[in-house]
Amino acid sequence: MSLYFLAPIALSGLLLLPIVYYFLKILPPKPKRIFFPPVSLMQSIALVEATPSRAPWWVLLLRLLIASLIITAMAGPLWRPIGASLDKKHKTLIILDDGWAAANDWDLRIKKTESLIHELRNNNSPVALLVSNEPKNISLMEHNYALEIIRSLKPKSYIPNYNELTNYVDKFTQENSDINIIWISEKYGHADIANFMTFLAGLQNKIQNVSVFINNNSLITLSNMTSSQKSIRFKVKAHDLDKSLYSLVANDQSGQTIYKKDIMIGSGKEEWIDIDLPLELRNQISVIKLANDHSASSVVLLDDHTHLKRVGLYGSMKDEQSQPLLSSLYYIDKALSKLASISYVKSGDNDPVKTLLDDKPSILILSDVMLSSESDKKNIETFVENGGILLRFSGPLTAKNIDDFVPVRLRHNGRVLGGALSWQTPKAIKDFDRTSPFFQLSIPKDVAINKQILAEPDVGLNFKTWASLDDGTPLITANKFGRGMIILFHITADNSWSNLPISGLFVGMMERIVAISPEIFSVKEDEAILQNAAQNISLKPIKLLDGYGDFMDKISEAVLALDPLANVSTRINPAGFYGDNFFKRAIQPIGQDEQIEKINLLSKNVSVYSLNSSQEIDLRSYLLIAALVLFLIDGILTQGLKQIPGKKVIIKSFTFLAVLHLFFYQSDVNAAENRDVFNPKEVQSALKSRLAYVVTGNTNIDQTSQFGLLSLSRALRKRTSYAPGDPIGITLGQDDLSLYPIIYWPIEPDASEPSVGAIKALENYLNHGGTIVFDTHDANNHLQGNTKSAEQVWLEKLSQKLPIPELEPVPRDHVITKTFYLLTNFIGRYNNGQTWVETQVYSDISNQDERPIRASDSVSSVIITSNDLAAAWAEDDLGQPLYSLTSGSKNQHEMALRGGINLVMYTLTGNYKSDQVHVRDLLERLTR
Amino acid sequence: MSRSAILETFTIQSDFYLPLSIAKALDLSASLERLLAKNQTVSSLSSYGLHNRKRAGLGERFWQYRAYEIGEDANKIDWRRSARGDQLYVKEKEFESLRDYYIWIDCAASMKFLSTLGQDDKLTRSINFGVAIADLLLRSGDRVGLLGSSAPSSSRATLEKIVHQLEENISNNFTSAVPLLIKPSKRSKIIIISDFLNNSVNLKDTLKYYADFEISGLVVMINDPCEVEFPFSGETQFFSIENNQEYYAGDAELVAEQYHKVFEKHKLQIKETAIENRFQYYHHVTNQSVDAAGHDIVESLSFCLADI
């Protein structure tokens, strides 16, 4: 039977129909009552047709039909329901699979399970629930509790261990008799999914019935990712999928898309996909996934193994913090930063070489380091013999003390070319040999070597030479040492001996060297090392995937530190990133060569249902709509009947239809309008750049802001190349802030705090390069000796919610004092207030790989003043200040305007102006 | 001055509809006066006392001395004046023809009935007409009173008094038969405004009583268009408040024809009663224009003055 009722008992309501019929017939509708003064006259009129007009038979029929439709709808009819034939009298065990294979149609599964439990509750039959990825002893539970569990479930990034489930189910079936088992299955799994099916089928003798719900969905898996010199490569396999287009997306750590490609999947075979990108970009990739497939199975994670070579960097110490440009490590660091992950030695480390080697680098770079201690030598020897690359740079120290770890024999002391006491000019580099790894790198003409360490002209020196000077003396030499290699630059890594380190060629050389460096861990060794490491450090979960292939916000406590041997996503170690800031390891949702199989449904003892919703039709809404339509027809007809069907009825029903039509049409039109409506204010501002101020609600302040900015805009137009439109007042939380480069915000202490939405918008604005000028206009308050004005308190409260950076009073040499006029301070109506800007941060090298987002172009995102700038800017048509200024000097208005111009220029030009400061020096240097 | 005073008092008291209808009534009377001044109607009304003061005739007030003409009755000579000189003088008095006007407006609840077809309810219209007539008469020096409520007077405060009285009657839903004055003066005229749907207004007896005193006047019958046309259909229960009567019609449309007959008969009866007793009759339906009706009513009124 394909029609099924969820609540068949409601059908008994049909028995009431005769009673409805009776009442409809007996009780006519009440007549209209009309107040009519001449009633007394009418008493003489004989009663005409005193009996009420009975509803005609077909009206009765219509109404009975409406009643029966509603009753039937209440019984919850389903057409071709899923699993309707299930026996629901017995205890029922529901097994719900929640692995990644269930993610694609998860909502459907939850809906179906919920409706099953609802039905079981209606039938008063006990229920037990087993969630496949949370196996535990099965017991009967409250229906509501089961519903709660189900609603809180999310698909996981691993697939169930069915062997484990078998045990629990087995135990349950032994404890209980007379049970039904409903398995809402994932269809795909490891080999044990087939076993589980066989096991369930085998239970047939002990239990009542086994039903399996399966959705006929497809599955795409990405696996076996490898990273080679050329590309990132992985396997795509589609199960049960016709050819369809998917979009492959590679994201970096912060979730920004680096690479996107549409690919055709579903030819039936395994396919290999290559992502061919420049190394710098590839190294940033953290996740590769199919954008339109919401399952963890189509996600590949890239960890440090696939990313970067590890490089240990150690050089003779100089004052690196204060003068980074003179440090030899600075240039190596710059050249390598995009190619490798660099480990440093902390100052004060007693045994730097060992510390670096403990990090297991592929390359150890020593810049002018004298290897004196025996242990260092030994460590390096093992390192290189095991396949590491030792890259050394010469320098004054190494020139004097030559040790064994050099590729060629060297002469003591360097050779100086082109110095004051030398006849020779600086030498250029000779084109690279075919045998050199640097072959085909182009050599800039201006690279010149002033000083080098010479090699003894031994036999075979040529073969060891990777680069040489014009005169044939070696510049870079290399020699195999054990399984590894020692490379020597005969120059320093800074620009004291040559300008090679500041040329692009240097970067190219480093790139080649990194490229030839081996993965120092071969797979076998890697495991051993990690095993050792696990005893000391644990790889804690950093970011984990859920079943949809997205990163979860929270990491459940059940997740343990990574088992070093784990390579498959499991309950204990779900797919995701593990490690710390220095080392990351990824567990893939689908491990290397993990076999995914399809369930075998051929067992006779199991009834199989499809989960696909297209088959099940809930008739409730259709019935109710039909009832509503009949009800309308009834209304129209009974209205019409009284007037003898004719023109009026037709007119009325058409009016009704027209009104209905209008209603729908109107809503369409509204929707259409809503789509295209732009705030005219925003359109204006988008078309013409302009200054903006925050509307505080205090008319005085707002007016001042308007006048002030108007005058400032005028001055800007007159004096600078920036021609702003008329200033505009913006309401926080309503207007789009992104259209304004600078926003002037006079603080009104009586104003309510900005809403959460407004705060968010402000935060966004500040983080993406916007500048807000807060004006507490309370400087004269300070004069009176008050410590904290209401404005300040208000601003402080606000600043706790906003990402306001550290501030300092404007330093004398700050670029804001030089952007247009040369100023000492920013005066407004008062001239005693301090102006605060963001503290300048001098970036240091070690933060580089965090890639901090500095959208602000080193413009202070917040400027705070108390001088009431707008009041001082405001002028009338004749250029006279509108407000009285404290010092009263004529100069003050002009100086305030200059300050305003500087402010605007500062926000608009960013660090360009600060670079301009050096222009003269640069020009001088060029002409020299 | 008195007009605006009235308006103010009523605006302040803000009765249900009086202020508006009084204002309208005053407008109406003003427009009627203008109309009367233009038309011949003026002469017909004035000759019967409305514009009477500017000539010599029978009366009480002094009008003028004039020279005695030979042949005149010697009794007419005013000796006191004539003794002062050589000439004989005759003292003339101003012509006066004072008349009492009584206005009666039905204030029953049924008068407040307004259907969607009408412009105003019947009571509003009645007040429009009643007060407009009173104003018009007072300004031509006649004495006007509200029948059964106030004695006729020509003083300035009369109009105000009448309006106050009306207001009281309306707020009390005053229903009674037309009051019968015990000893009405023969010169009196009576103006009755009602829908005549209330059983308590026994027009026949009333008019007969006054006709015996040789008193005539004007009967204005006011109806809502709905009461005339009977535009109902469907199953309907009709009811009225004051008579506490109900009428059930299985289908009102079928009753319509009979109703028309009954109503016409009733109307005719009122008209005949009025004419029999030498009263003028005027029928007004509230969807007609107020101004036109006001003009017609004044004309009817002048006819009723004519037949003394």
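The following exchange covers confidence, a chain contact, a helix pair and a sheet in a predicted model.

Residues are numbered from 1 along each chain as its sequence is written, and chains are lettered from A in the order in which they are written. In this predicted model local features need pLDDT of at least 70, side-chain atom pairs count only at pLDDT 80 or more, and totals for chains, interfaces and linings use all residues.

Trainee: Which residues of chain A have pLDDT under 50 and 0 contacts beyond four places in sequence?
Mentor: pLDDT is the predictor's confidence in each residue, from 0 to 100, and chain A averages 78. Two residues are in contact if their C-beta atoms, placed from the backbone, lie within 7 Å. Residues 843-855 of chain A are also below 50, but have 11 contacts beyond near neighbours in sequence. The stretch with 0 such contacts is residues 667-676.

Trainee: Which strand of chain B is joined to strand 2 of chain A?
Mentor: Helices (H or I, at least four residues) and strands (E, at least two) are DSSP runs, numbered from the N terminus. The contact takes 23 residues from chain A and 29 residues from chain B, and strand 2 (32-35) of chain A is among the elements giving two or more residues to the chain A side. A:Lys32 stands opposite B:Thr236. The parallel partner, joined by 4 bridges, is strand 7 (residues 236-239) of chain B.

Trainee: Are helix 5 and helix 6 of chain B roughly parallel or roughly antiparallel?
Mentor: The axes, lines fitted to C-alpha atoms over the stretch in contact, have angles from 0 to 180 degrees between N-to-C directions. Those of helix 5 (residues 122-139) and helix 6 (residues 158-171) of chain B come within 10 Å and cross at roughly 160 degrees. Angles under 35 degrees count as roughly parallel, over 145 as roughly antiparallel, 65 to 115 as roughly perpendicular and the rest as oblique. Therefore helix 5 of chain B and helix 6 of chain B are roughly antiparallel.

Trainee: What are the edge strands of the open sheet of chain A with the order 10-11-14?
Mentor: Two strands pair if DSSP finds at least two bridges between them. The sheet has 3 strands with antiparallel pairing, and 7 bridges join strand 10 to strand 11 (residues 232-239) of chain A, with A:Val236 the bridge partner of A:Leu222. Each edge strand pairs on one side only: strand 10 (219-227) and strand 14 (271-275) of chain A.
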